Amino acid sequence: MATNLVNLEAVGKVYGTRALLDGVSLGVNEGDRIGVVGRNGDGKTTLINILAKLEDADQGRVTHSGGLRLGVLTQHDSLDPAATIRHEVIGDMADHEWAGNATVRDILTGLFGDLHLPGFDKGLDTVIGPLSGGERRRIALAKLLIAEQDLIVLDEPTNHLDVEGISWLAGHLRARRSALVVVTHDRWFLDQVCTRMWDVQRGAIHEYEGGYSDYVFARAERERIAASEETKRQNLMRKELAWLRRGAPARTSKPRFRIEAANELIADVPPPRDTAELMKFANSRLGKTVFELEDVTVQAGPKELLKHLTWQLGPGDRIGLVGVNGAGKTSLLRALAEAARTGGEAQPAAGKIVVGKTVKLAYLSQEVAELDPSWRVLEAVQKVRERVDLGKGREMTAGQLCEKFGFTKEKQWTPVGDLSGGERRRLQILRLLMDEPNVLFLDEPTNDLDIQTLTQLEDVLDGWPGSLIVISHDRYFIERTTDRVHALLGDATLRMLPRGIDEYLERRRKAVEAVTPAPAQQSAAPKKTAAVNRAAQKELQKIERQLDKIGDKETKLHTQIAEHATDFEKVAGLDAQLRELAGEREELEMRWLELAEDA
């Protein structure tokens, strides 16, 4: 029987007149891996602070087992600003001692990219004081993980980590023996790490077995049973449930939900996006040209981030953009945005960006735009537009869209100055969409947003007809909202990855593990000329355009098959065309992979 590590008995906590926790009783045992979810402000952080005895409960009792070794990562670190990274993370260990410790090496490499901490001027001897909040957070996480713990409590550990760092952290936590309680909005991470979920809602904690996907199924089923009217049954959870059940990659090896109940629940839910319909509408709004890049070089100061880039963003394209920090993801969006803002007059350091005449761009940057703090939420939205056209005859008022984004009628009268960081982020996205753009750039849109708000944003984007580029470390959000993944791997090129983020992580892993060839081997292989590399890059981009066209043809054929479902002869002919396209796709993808390796 597993040993109980922490126990909460009838715990209550009140702020002002609001009960964040009301008579909560639960426990954490050895081997537990618990994910904590809920809306921002509902008490997730308060719960784990009380659990870790960082904060006192107003009523009830919190008990820790004797000698409990507890490690906590809060949203505000307690590092000594005058100390060095070495002092805080490594402590008194001699160089030969920590360098010979596989766990320490793994943690430093996983969180910082190398034992010598290449992102810091003086490596381990860098003083902590002048560092950014994100850098300090990684240092605090490294310090916590290097110590031996019985229970680790983490509050938003994936903040300031890129896709690679999050993937590494998930694998590291799975391999540890420590019990775990983690608050995060990263749904992919929850699926990878957790075996139980706590859902914080209106002062109560609802417990579920399994990771995030299992939680979605179980909660949707619970709400179906509890619903007393159809309007309660029509919730966003059902749409996410349908996506997970029908098309998303397998996320847990042993799902605990009832398959038959899930199928019954989603029987009348259409796929998240009608791609063919959205493409058709996007073409009518945008025409043939959105952005076309010809032999473009993108610079940040004197540094060339992208060279000889020939690429195009077409009408209705939904692109997820991933890459190593500093590779140029944000710089690429800024170059495109500046070209659009100036009607094509502002051009990059070299090459040419052609902007479609009908392009109306909305750009969500990582910085939250300052709004007049005295404005009310509804007023801030109405200043952009009173009503918004969602396509196909659908229209929403500013108030209705506010509610869609979690601003209740009461909340709509809150002054902007009183909003939290996450609420301001929500309002910024809402104002962008209210302006009816047909091209949308989202740079880290998931920052400060809770899971419920993320599902609401995904739901709005499902029906939004236009071209979309998303930069995000949130793998789940990218997979949910985009159709293709492109990557900047730090070699000044942009590559399409047919297998998405899995392929990106594989390529990065190989790059890190690559061993420099011996001198004899280096001289044996003739060095490729820049011209050969450039030719390979051009062929790669040509293949990517061909793959895009095949994807469009496949979508049209699927639509035709659905329209002629009862005409077996017609369907057989269409199916033959589909198989032929599949063969072409396979050949192109094989050639693409060969060229990618050469380049």
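**Exercise 1. From which domains does the lining of the largest cavity draw at least three residues each?**

Before we start, keep in mind that this is a predicted model.

Step 1. Begin with the cavities in general. The structure holds four of 30 Å³ or more, and the largest has a volume of about 90 Å³.

Step 2. Now find the residues around that largest cavity. Its lining includes Thr310, Trp311 and Gln312, along with Arg484, His486, Glu544 and Asp548.

Step 3. Place the lining on the secondary structure. Two or more residues come from each of β11 (303-313), β19 (484-488) and α21 (530-563). Helix α21 supplies the largest share, with four residues.

Step 4. Read off the domains. Domain 2 (275-514) and domain 3 (530-598) each give at least three residues to the lining.

**Exercise 2. Sort the lining of the largest cavity into nonpolar, polar and charged residues.**

Step 1. Pick out some examples: Trp311 and Ile319 are in the lining, and so are Asp317 and Arg545.

Step 2. Count by class. The lining has five charged residues, four polar ones and two nonpolar ones.

**Exercise 3. Is Gly134 buried or exposed?**

Step 1. Locate the residue: Gly134 belongs to helix α5, which covers residues 133-146.

Step 2. Apply the cut-off. Buried means under 20% relative accessible area. Gly134 has 11% relative accessibility, so Gly134 counts as buried.

Step 3. Look for a partner from elsewhere in the chain. Leu161 is 27 residues apart from Gly134 along the chain, and their C-alpha atoms are separated by 8.2 Å.

**Exercise 4. What is the sign of phi at Glu436 and at Glu444?**

Step 1. Recall the general rule: most residues other than glycine have a negative phi.

Step 2. Check Glu436. Its phi is positive, about 55°, although Glu436 is not a glycine. Glu436 sits in the loop between α16 (421-434) and β17 (439-443).

Step 3. Check Glu444. Here phi is near 50°, also a positive value. Glu444 is found in the loop between β17 and α17 (451-462).

Step 4. Consider the surroundings. Glu436 is partly exposed because its relative accessibility is 25%, whereas Glu444, at 12%, is buried.

**Exercise 5. How many helices and strands does the protein have?**

Step 1. Count the elements: there are 22 helices and 20 strands.

Step 2. Add the wider picture. Of the 599 residues, 49% count as buried. Among contacts between residues at least 6 apart in sequence, 69% join residues at least 24 apart.

Terms used. Residues numbered from 1 in each chain as written. Predicted model: local features only at pLDDT ≥ 70, side-chain atom pairs only at ≥ 80, totals over all residues. Heavy atoms only, no water. 1 Å grid on protein atoms, 1.4 Å probe; cavity = no way out; pocket = protein on both sides within 12 Å on 5 of 7 lines; lining within 4 Å. Points joined across faces, edges and corners; volume = space filled by probe spheres on them. Nonpolar A, V, L, I, M, F, W, Y, C, P; charged D, E, K, R; others polar. Domains from an automatic or database assignment. Buried < 20%, exposed > 50% of the residue type's maximum accessible area, 1.4 Å probe, protein only. Contact = heavy atoms within 4.5 Å.
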